[in-house]
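Biologist: Thanks for sitting down with me. Could you go through the labels in this model and tell me what stands behind each one?

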Amino acid sequence: KDFRNEGISHKHNPEFTMLEWYEAYADYEDIARRLEELVEHVAGAVGYAGPIDFSTPWRRLTLREAIVERTGIDIAAAEELPGEGTRAKRVDDLLSKEVEPELQAPTFVLDYPKELSPFAKDHRSEPGLVERFECFAGGMEFANAFSELNDPDEQRARFEQQRADAAGGDEETQPYDEDYLRALEHGMPPTGGIGIGIDRLVMLLSGRRSIREVVLFPAMRG
């Protein structure tokens, strides 16, 4: 059970349920396969017969490809991006406002800018990116996963950057966590981790358009 004081919408309730797991000696590609197999199985087990095809494999495309496909903007080449705030915030806005609503079939969007993902491991071949995916269906995101960052020195540098971003007015930064850094210094194997929004998955499998219809005690607005 989780609580996030982030406002209310048809797909967000301050209190919600999440399934989270971590797998040692796995990466985000392994986790993606686990997720699509899990949801395909659950859809079959509950007798889902709606319009979304959950059969595997699901579509995979990079964040860069997804934004180009929807907007024609190449975020890797464009000097200026539409919107306000930092470049990373503008990339995130393009994803959430232009791409996400159009992703009806289950789709993995992979390889995010490092600035958007302070806990994800650097991409093995693409400088400036990290090994992260978000999974979308029915026009909304329902899962978020990484190859977990397990280098304490790099994690400390990321926290320092988050602290600087917060001082510059970014309200969505991660707090500096010395206890987490100390734990990493004791050693963490290569790991893949994921969080799945159970309420949103129930929405998808039950054909509901509002999270208020699937949570036990919804907030009053939304």
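Biologist: What follows H5, and what is the sign of its phi?

Modeller: Gly 187 comes after H5, and its phi is positive, near 120 degrees. Helices here are DSSP runs of H or I with at least four residues, strands are E runs of at least two, and both are numbered from the N terminus. This is a predicted model, where local features need pLDDT of at least 70, side-chain atom pairs count only at pLDDT 80 or more, and totals for chains, interfaces and linings use all residues. Residues are numbered from 1 along each chain as its sequence is written, and side-chain values use heavy atoms, with hydrogens and water left out.

Biologist: Why is Asp 111 called buried?

Modeller: Buried means under 20% relative accessible area, exposed over 50%, and partly exposed in between, with a 1.4 Å probe and protein chains only. Asp 111 has 12% relative accessibility, so it counts as buried. Asp 111 lies in strand E5 (residues 107-113), and its phi is near 70 degrees, a positive value in a residue other than glycine.

Biologist: Why does Tyr 25 count as exposed?

Modeller: Its relative accessible area is 65%, so Tyr 25 is exposed. Tyr 25 sits in the loop between strand E3 (18-24) and H1, and has a positive phi of about 60 degrees although it is not a glycine.

Biologist: What makes the bond between Thr 56 and Pro 57 a cis peptide bond?

Modeller: Its omega is about 0 degrees. Most peptide bonds are trans. Pro 57 is found in the loop between helix H1 (28-45) and strand E4 (59-62).
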